[in-house]
Amino acid sequence: SREREAWSPPKEEALGYDPLEEMEAVRHEVVEARTEEELFYALVKLSNARRDRHLSVEPVPEGLRVPHRSAARAPIEVRTDFSELDAPGFFVWGVDPAHANAVAGGSVRIGDRIVAVNGMTIPEYVETFTAWTRHSSVHGLLWHLGLRLPERALDVPPWLYRDSLELELERGDGIRYAVRLPYLPADRVEIVAGEGELYPGFSTVMERLNFHVLRPDDGRPIVILRWLDFEYELIQDVVDLMEYAETEDILDHTLVIDVTWSSGGSRGAYAIQRLVSEPFRTTFGNIRISDAAVEMIEEWADEPDIADAPDIFGLDESRSWLHEWARTNARAAIERGDEYTPDTPFKLAHLPQDSDGVLQPAPVHFTGPIAIIAGPHGGSHLDQFVSMFSDNGLAPVVGMPAGGYSNTWEAEEVITLPGSERPLALFMWNVGHTIRPNGEILEGNPVEPDVYVPLTRQNFRTYHRDLLELALQRAGRSISD
């Protein structure tokens, strides 16, 4: 890790830690592991000490033997109360009435505050499970500590769980009670949420893998894009969106993009070119030069261009720009002994290496004002998506920061037992920085919202509609217009 990792000074400053010191503090757990299971989880903890949401440790064939477990969860949904980042709280956001309302100790109610988890106070729970929660930012950590509280996760040692989830809770009137909730297969749990309808008065008019499109029932010129993903279907999904927008004559409507439940992927700049009416600077990236990076660069240099790639405005599907960069500037950086390759447009997917990084709007694009509703659930390419809007002044952001994790490339290797060829597990490294349009490293350094609104136990029932009102105000339109 010392030689391969692309360390992020902004993240280290924000989280107040030294990743190498954190890893060294876990060394004894790796060395002193007595069983293969203990060694596997010690490697997981070692990896997590770097505080990088992208990096995981996975079992491999013939590797460390870990007893098979099935993922399971208790019949409740939990959210974090972000009122105080230094003293986070957790509360019941949703329940499965078929299970959570018929348990030992009485029924669990939506909105009840969680006081203790399996005998641990909340500070003890946070301290214990932080080491087992992959994260790159404070908001990302606290979000996933709440989201995973009902789970019996497979990347957490089984000895940290009990046979059931034992909670002490507090109702709104201050009365406390204890419950024991069963762990069930995820497909047997059906949650009724406290925030039922996110956007009352809006109806879904299009559903695609990567986003849903909502419009107001009363005809106001507003479009909500509830963004969910950035996967390979993105190109066709965006084509469908633009054809719909042209047909419905809504390209000049106010656009609110809700990314609070989105994951990552790629091609975000391709989508933005169709959502904005101004040129914008895309994200950049680099690679820290090491044995892992050289291997990747040489593979790209030897890889042929995709001959039958489609011609799409704003994308190089042939990978020719990536291959040319690997053969020229990247190899030159290796020969010079540079620490990093020069910054280039991100993964050379949208622009060539000698570009200034500025992308033009597509011939057909939205022209109205835009606002972003963000939160810490997801990150990676989502963080890039938000930064391209914010850093270019294309849209205000309301809510909370996104997850705060993004890097250009990860390398992975099956690590082996020292002195032998015995495989242990698949280990990952972050080998490159993502550079925001404002020139800053993105890893651990997400966009700070223009209007910060933390999710709390007091506002969760109307959280998204409150954010929508604020987003529309910042975009220059009232929700009643």
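**Entry 1: V108 and the cores**

I began at V108 and, leaving aside its neighbours within four places in sequence, I found it in contact with I76, V92, V95, A100, N101, L169, Y177, V179 and L181, where contact means heavy atoms within 4.5 Å. I note at once that this is a predicted model, in which local features need pLDDT of at least 70, side-chain atom pairs count only at pLDDT 80 or more, and totals for chains, interfaces and linings use all residues. Residues are numbered from 1 along each chain as its sequence is written, and side-chain values use heavy atoms, with hydrogens and water left out.

I then looked up the core around this residue: V108 and L167 are the residues with the most contacts inside the largest nonpolar core, which has 89 residues. A second, separate core of 43 residues includes L234, I235, V259 and L394. For my own record, a nonpolar core is a set of buried Ala, Val, Leu, Ile, Met, Phe, Trp, Tyr and Cys residues joined through side-chain atoms within 4.5 Å, and buried means under 20% relative accessible area, exposed over 50%, and partly exposed in between, with a 1.4 Å probe and protein chains only.

**Entry 2: the chain as a whole**

I read off twelve helices and 24 strands in the chain, taken as DSSP runs numbered from the N terminus (helices are H or I with at least four residues, strands are E with at least two). The chain has a radius of gyration of 24 Å, which agrees with the value near 23 Å for a compact globule of 481 residues; the radius is taken over C-alpha atoms, and the globule rule is 2.2 Å times the number of residues to the power 0.38. Along its principal axes the C-alpha trace spans about 70 × 65 × 40 Å.

Of the 481 residues, 58% count as buried. Among the contacts with a separation of 6 or more, 73% come from residues 24 or more positions apart.

**Entry 3: aromatic pairs**

A pair of aromatic rings is described by the distance of the centres and the angle of the planes. The rule I used lets rings of Phe, Tyr and Trp (its six-membered ring) pair if their centres lie within 6.5 Å, with planes under 30 degrees apart counted as stacked, over 60 as edge-to-face and the rest as tilted. By this rule the count comes to 17 aromatic pairs.

The rings of F129 and Y161 have centres 6.0 Å apart and planes at 55 degrees, so I entered the pair as tilted. This pair links distant parts of the chain, 32 residues apart, with F129 in helix α5 (residues 122-130) and Y161 in the loop between β7 (151-152) and β8 (164-170). F129 is buried at 8% relative accessibility, and Y161 is buried at 12%.

I next looked up F211 and W227, which form a tilted pair at 4.9 Å centre to centre with 40 degrees between the planes. F211 lies in strand β12 (residues 211-216) and W227 in strand β13 (residues 222-227), 16 residues apart. F211 counts as buried at 0% relative accessibility, and W227 counts as buried at 1%.

Returning to the first pair, I found that ring pairs link F90, Y125, F129, Y161 and Y183 into a cluster.

**Entry 4: charges over rings**

I counted a charge as sitting over a ring if NZ of Lys or CZ of Arg is within 6 Å of the ring centre and within 35 degrees of the ring normal. R79 lies over the face of W93 at 4.0 Å from the ring centre, and K347 lies over the face of W409 at 4.4 Å from the ring centre.

**Entry 5: helix α6**

Nine of the ten residues of helix α6 (residues 138-147) are buried, so I describe the helix as mostly covered. Its buried residues include L141, W143 and L147. What covers them includes β3 (76-81), β4 (89-95), α5, β7 and β24 (451-452).

**Entry 6: G378, S380 and E62**

I found G378 in the loop between β19 (370-374) and α11 (381-391), where it is buried with a relative accessible area of 2%. Not counting residues up to four places away in sequence, G378 touches S262, D383, A402, G403 and Y405. G378 and T260 are 118 residues apart in sequence and 7.3 Å apart in space, C-alpha to C-alpha.

S380 lies in the loop between β19 and α11, and its phi is near 60 degrees, a positive value in a residue other than glycine. S380 counts as buried at 17% relative accessibility. E62, in the loop between β1 (57-58) and β2 (72-73), has a positive phi near 65 degrees and is exposed, with a relative accessible area of 67%.
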